[in-house]
Amino acid sequence: MPAFDVIAQGFATAFTWYNLLYCLLGVTIGMLVGVLPGLGPTTGVAVLLPITFGMEPVSAIIMLCGIYYGAMYGGTITSVLINTPGEAASVITCLDGSPMAKQGRAGAALGISGLGSFIGGTVSILGLIFVGPPLAQWALRFGPPEFFALMVLGLSTVIGLMGKSVIRGLVSAFLGLNLAMVGMDPVSGSVRFTFGQMNLMNGIDFVIVAMGLFGLSEILLGIENMATAEKPPKVKGMLPRKEEWSPSMKAIGRGTVLGFLIGLIPGTNSVIPAMLSYSVEKKMAKDPSRFGKGAIEGVAGPETANNAYCGGALIPLFTLGIPSSPTIAIILGAFMMHGLTPGPMLFEQNPVFVWGVIASMFIGNFMLLIMNLPLAGWWAKIAMVPPKLLYPVILIISALGAYTANNNLFDVGIMFAFGVLGYLMKKADIPMAPIVLTFVLGKMLESSLLQSLKLLDGSFLGLFQRPISGTLLSLALIIIVFGLISGLRKKRSGFAADVEM
């Protein structure tokens, strides 16, 4: 448990008027991003990353984290009211949230999801306070070999993000690693993969890559799938019935624990705890047939789980510097953009920053609770904004952000190139997460490897002889082997099913 005065200092930082403003701005944008179908937290954080350039690091990360967990709240509203998930994790909420709305109980669905999201988010932040510092203290014993092993472990979790095809996932992962190698070698200073282009001497800016792969590609896909949305029902009666409180609170409790624990595992995403929570609630229900027809536990559990996941997912980032999802990878890029290195030294060297960001999450969760319950109907109307008006605005923001990154039109061209690449990858069902995670971790992996080999006189086997690095590398190998075996089994079972048909 950290000292009380450190936490108090963090709250003092979070309660300054400008950080409160950035927190409010972040959660409001997050709500907006969550409400608008097809965007999601990854796109929102990627597109708005450039506007943090001139900001103080603590204010920038407060705002970006606000967008991240705010989008989890916002996606619920359209899932319940118009059966359109604003972000991926809210797909599960549609199963029972939309039937409740059709029964005239949209208010109860939104009320319990807002309460569950608040409890799950708040408890997971408390978990970050208790688990983060001890984990960071343990990681202070890390040298270059341990950091290399940790990066390898982080990359091994890409197996879990590869989607249906391991081959396609590996293509995405290796593409990200190659992109990370563009520019100067961190040790020798030799130039690689620039093709004589001076603009690539310092490598490819992560902001440009993220905005293209996520922001622009979503616009291109959205143009293909423009559709008119149905009018949302009226929201009234925000509280569940008396007999629904007990099962709802039990679902919220289970969802909180499940979401937080899954958030600790790098390579997962918010859809996993939501799906598992729904499955658990259905199995534990006295009458499972109610699920899919308006069971309130089917809304309370998954919504709590995906918000609890957010706090848990920040622990590997803050303490070990490992991004557990594409959105967290973009936030990691924002850390580095502001001269901060997430990891064990962050708690020691920048305690005001760390505790200021954590304190802002408590404040942001209270803001979101207020914004959700009374204003749910108003937020749903925003989802009615025609795509033909929305997409040009996002496109202009993206182009301006790409230009202001380095005041260079070349970066705008690079962003459009990555936008087309992201669009083609999505059309070919090639997962996006591996390319982002390997791109972010690639440079750190290379630097720590070169430092380790110098320290160990060029002996790669020496990495396995050190207790911590050897354990982490062995764990990474186990994850890779089991992941590949699992992927091959799925492929074979799918092939066998096709043969039988």
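Let's start inside the fold, where Ile-61, Leu-64, Cys-65 and Tyr-68 of helix 4 meet a set of residues from helix 13, namely Thr-327, Ile-328, Ile-331, Ala-334 and Phe-335. Keep in mind as you look around that this is a predicted model. Helix 13 covers residues 326–337, and its axis sits 11 Å from that of helix 4, with the two packing at an angle of about 175°. Angles over 145 degrees count as roughly antiparallel, so helix 4 and helix 13 are roughly antiparallel to each other.

Helix 4 has another partner to look at. Helix 4 itself spans residues 57–81, and its axis comes within 10 Å of the axis of helix 12 (residues 297–320), with a crossing angle of roughly 175°. Helix 4 and helix 12 are therefore roughly antiparallel to each other too. On the helix 4 side, this contact uses Tyr-68, Tyr-69, Met-72, Tyr-73 and Thr-76, while helix 12 brings in Glu-303, Asn-306, Asn-307, Tyr-309, Cys-310 and Ala-313. Tyr-68 is worth finding on your screen, as it takes part in the contact with helix 12 and also in the one with helix 13.

Now move over to helix 10, which runs over residues 245–263 and holds Ser-248. Is Ser-248 buried or exposed? Its relative accessible area is 0%, and buried means under 20%, so Ser-248 counts as buried. And what does Ser-248 touch, once you set aside its neighbours within four places in sequence? The answer is Ile-112, Ile-296 and Ala-300.

Time to step back and take in the whole chain. It has 501 residues, and 56% of them count as buried. Its secondary structure adds up to 21 helices and two strands. If you take the contacts between residues at least 6 apart in sequence, 79% of them join residues at least 24 apart. As for the outside, the chain has an accessible surface of about 21,400 Å², and carbon and sulfur atoms account for 68% of it.

Let's finish out on that surface. Phe-460, Leu-461, Phe-464 and Leu-477 make a nonpolar patch there, about 400 Å² in area. To find Phe-460, go to the loop that links helix 19 (433–455) with helix 20 (462–465). With a relative accessible area of 42%, Phe-460 is partly exposed, whereas Ser-248, back in helix 10, is buried at 0%.

Key
Residues are numbered from 1 along each chain as its sequence is written. This is a predicted model: local features need pLDDT of at least 70, side-chain atom pairs count only at pLDDT 80 or more; totals for chains, interfaces and linings use all residues. Side-chain values use heavy atoms; hydrogens and water are left out. Patches are made of residues with over 30% relative accessible area and no salt bridge: like charges are joined within 9 Å, nonpolar side chains (Val, Leu, Ile, Met, Phe, Trp, Tyr) within 5 Å. Accessible areas come from the Shrake-Rupley method with a 1.4 Å probe; for residues, only the protein chains shown count as cover. A salt bridge is a side-chain nitrogen of Lys or Arg within 4 Å of a carboxyl oxygen of Asp or Glu. Helices (H or I, at least four residues) and strands (E, at least two) are DSSP runs, numbered from the N terminus. Buried means under 20% relative accessible area, exposed over 50%, partly exposed in between (1.4 Å probe, protein chains only). Contact means heavy atoms within 4.5 Å. Axes are lines fitted to C-alpha atoms, for helices over the stretch in contact, and angles run from 0 to 180 degrees between N-to-C directions. Angles under 35 degrees count as roughly parallel, over 145 as roughly antiparallel, 65 to 115 as roughly perpendicular and the rest as oblique.
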